[in-house]
Amino acid sequence: MLLRRRRAMVCREIVEAVTDYLEGTMSGRDRARFEAHLEGCPHCREYLTQMRTTLNVLGRLEPEDLAPEAQDELVALFRRWQAE
Amino acid sequence: MVDDAQLVARLQAGDEAAFEALVRRYHTSLLRLAETMVPSRAVAEEVVQETWLGVVRGVARFEGRSSLRTWLFHILVNRARSTGAREARRAPSQVQAEWVPAVDPARFGSDGAWVDPPTPWPDDIDDRLSATALADRVRTHLAELPEQQQQVVILRDIDGLDAAEVCQLLDISEGNQRVLLHRGRSRIRRMLADELGKG
């Protein structure tokens with residue numbers, strides 16, 4: 001009984017555990033503790049939302065445009081190789 | 001969009017247009033990763049060019065056991081390492097060494113609860129990202145992370161590789177991959193919060 005009632009997580013631990021949570025690498029028990037904390041803590045819910053937003057922002061970063069010269073240079077390289 | 005497998009088949013037959021299409025699709029992603037592994041943009045460009053040469057030379061032997069993208073990244077990482085310009089790989093102990101908390105400890109009380117909680121972000125952050133120079137700021141911030149954090153965040157969150165692919169590619173353990181991802185993401189969140197004028 002004592003083992004099952006482990007100490008609740010605090011906010012400071014939540015912000016360090018958030019990646020394990022999002023990665024799905026937590027044990028079932030830690031996940032339950034994490035979620036129990038979130039349920040009672042709007043600040044940590046906000047923090048989790050911000051982490052998810054951060055991931056969306058990163059996922060939407062477009063790569064730089066390829067410079068036409070770089071493309072031309074590579075095509076020239078391809079042609080040289082083909083000619084060999 | 002023509003899928004990678006079709007482009008590979010055409011490239012194997014010597015089709016220049018397929019090569020161009022692959023370059024357009026992957027060149028800047030390769031360059032972004034290369035820049036984290038060698039000392040300068042110029043060297044990164046050379047490494048990526050060598051990577052493409054490796055592709056045209058090796059594509060006949062590419063059997064599609066891994067995705068094309070993973071194969072490209074593998075060639076790139078090998079080329080970057082063999083330039084020897086910088087030690088691309090660090091001992092795992094060094095990954096653990098630089099411990100930086102995800103959030104400034106002063107923002108928590110002695111009981112570990114927030115005393116200075118995060119301020120909610122605006123809902124329209126995605127619009128701001130396209131409407132303003134925020135995307136450029138994020139790129140700049142990303143470039144300020146320690147290299148290994150950059151590599152993991154780039155591959156996981158921008159290029160969308162899975163954890164196992166990243167571990168194999170960068171030759172790091174699952175645990176280290178997660179630590180690097182956590183530190184990198186936490187720092188980007190903090191930078192975004194600062195950028196938005198909200199802790």
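**Figure 1. Arg31(A) in helix 2 of chain A, seen in a predicted model.** Let's start with Arg31(A), which counts as partly exposed because 15 C-beta neighbours lie inside 10 Å. Its place is in helix 2 of chain A, the run covering residues 28-40. Which residues does Arg31(A) touch once its neighbours within four places in sequence are left aside? They are Tyr21(A) and Met26(A). If you would like a reference distance for this view, take Glu64(A): Arg31(A) and Glu64(A) are 33 residues apart in sequence, and their C-alpha atoms are 38 Å apart in space.

**Figure 2. Glu46(A) in contact with two prolines of chain B.** Glu46(A) belongs to helix 3 of chain A, which spans residues 42-59. With residues up to four places away in sequence not counted, Glu46(A) touches Pro118(B) and Pro120(B). Is Glu46(A) buried or partly exposed? It has 16 C-beta neighbours inside 10 Å and therefore counts as partly exposed. For scale, Glu46(A) and Leu61(A) are separated by 15 residues in sequence and by 23 Å in space, taken from C-alpha to C-alpha.

**Figure 3. Helix 1 of chain A packed with helix 3 of chain A.** Here we stay with helix 3 of chain A and add helix 1 (residues 11-23) of chain A as its partner. The two axes come within 10 Å and cross at roughly 35°, and the crossing is right-handed. On the helix 1 side, the residues that meet helix 3 are Cys11(A), Ile14(A), Val15(A), Val18(A) and Leu22(A). Helix 3 of chain A answers with His43(A), Cys44(A), Tyr47(A), Leu48(A) and Met51(A). By class, this contact of helix 1 with helix 3 consists of nine nonpolar residues, one polar and no charged.

**Figure 4. Helix 4 of chain A against helix 2 of chain B.** This view takes us across the two chains. Helix 4 (residues 68-83) of chain A and helix 2 (residues 16-35) of chain B pack at an angle of about 140°, and their axes are 10 Å apart. The two helices are therefore oblique to each other. The handedness of their crossing is right-handed. From helix 4 of chain A, look for Ala70(A), Gln71(A), Leu74(A), Val75(A) and Phe78(A); from helix 2 of chain B, look for Glu16(B), Phe19(B), Glu20(B), Val23(B) and His27(B). Sorted by class, the contact has six nonpolar, two polar and two charged residues.

**Figure 5. The side of chain B that touches chain A.** How many residues of chain B are in contact with chain A? There are 43 of them, and they meet 35 residues of chain A. Helices of chain B that each supply at least two residues to this side are helix 2, helix 3 (41-58), helix 6 (125-131), helix 7 (134-144), helix 8 (147-158) and helix 10 (174-195). Helix 2 of chain B gives the most, with nine residues. In terms of class, this side of chain B holds 25 nonpolar, seven polar and 11 charged residues.

**Figure 6. Helix 8 and helix 10 within chain B.** The axes of helix 8 and helix 10 of chain B come within 8 Å and cross at roughly 85°. That makes helix 8 of chain B roughly perpendicular to helix 10 of chain B. Helix 8 brings Gln148(B), Gln149(B), Gln150(B), Val152(B), Val153(B) and Arg156(B) to the contact. Opposite them in helix 10 are Gln177(B), Leu180(B), Leu181(B), Arg183(B), Gly184(B), Arg185(B) and Ile188(B). This contact has five nonpolar, five polar and three charged residues.

**Figure 7. Ala34(B) and the largest nonpolar core.** The largest nonpolar core has 46 residues. Which of its residues have the most contacts inside it? They are Leu30(B), Leu33(B), Ala34(B), Val48(B), Leu72(B) and Leu76(B). Take Ala34(B) as a guide: not counting residues up to four places away in sequence, Ala34(B) touches Ala44(B), Val47(B), Val48(B), Leu76(B) and Ala80(B). Apart from this core lies another one, of 13 residues, including Ile14(A), Val15(A), Ala102(B) and Val103(B).

**Figure 8. Chain B as a setting for the close-ups.** Chain B has 10 helices and zero strands. Of its 199 residues, 36% are buried. Among the contacts in chain B with a separation of 6 or more, 64% come from residues 24 or more positions apart.

Technical notes: Residues numbered from 1 in each chain as written. Chains lettered and ligands numbered in written order. Predicted model: local features only at pLDDT ≥ 70, side-chain atom pairs only at ≥ 80, totals over all residues. Axes fitted to C-alpha atoms, helices over the stretch in contact; angles between N-to-C directions. Helix = DSSP H or I, 4+ residues; strand = E, 2+ residues; numbered from the N terminus. Parallel < 35°, antiparallel > 145°, perpendicular 65-115°, else oblique. Left-handed = near helix turned anticlockwise from the far one by under 90°. Contact = placed C-beta atoms within 7 Å. Nonpolar A, V, L, I, M, F, W, Y, C, P; charged D, E, K, R; others polar. Core = buried A, V, L, I, M, F, W, Y, C linked by C-beta atoms within 7 Å. Buried ≥ 20, exposed ≤ 12 C-beta atoms within 10 Å, placed from the backbone.
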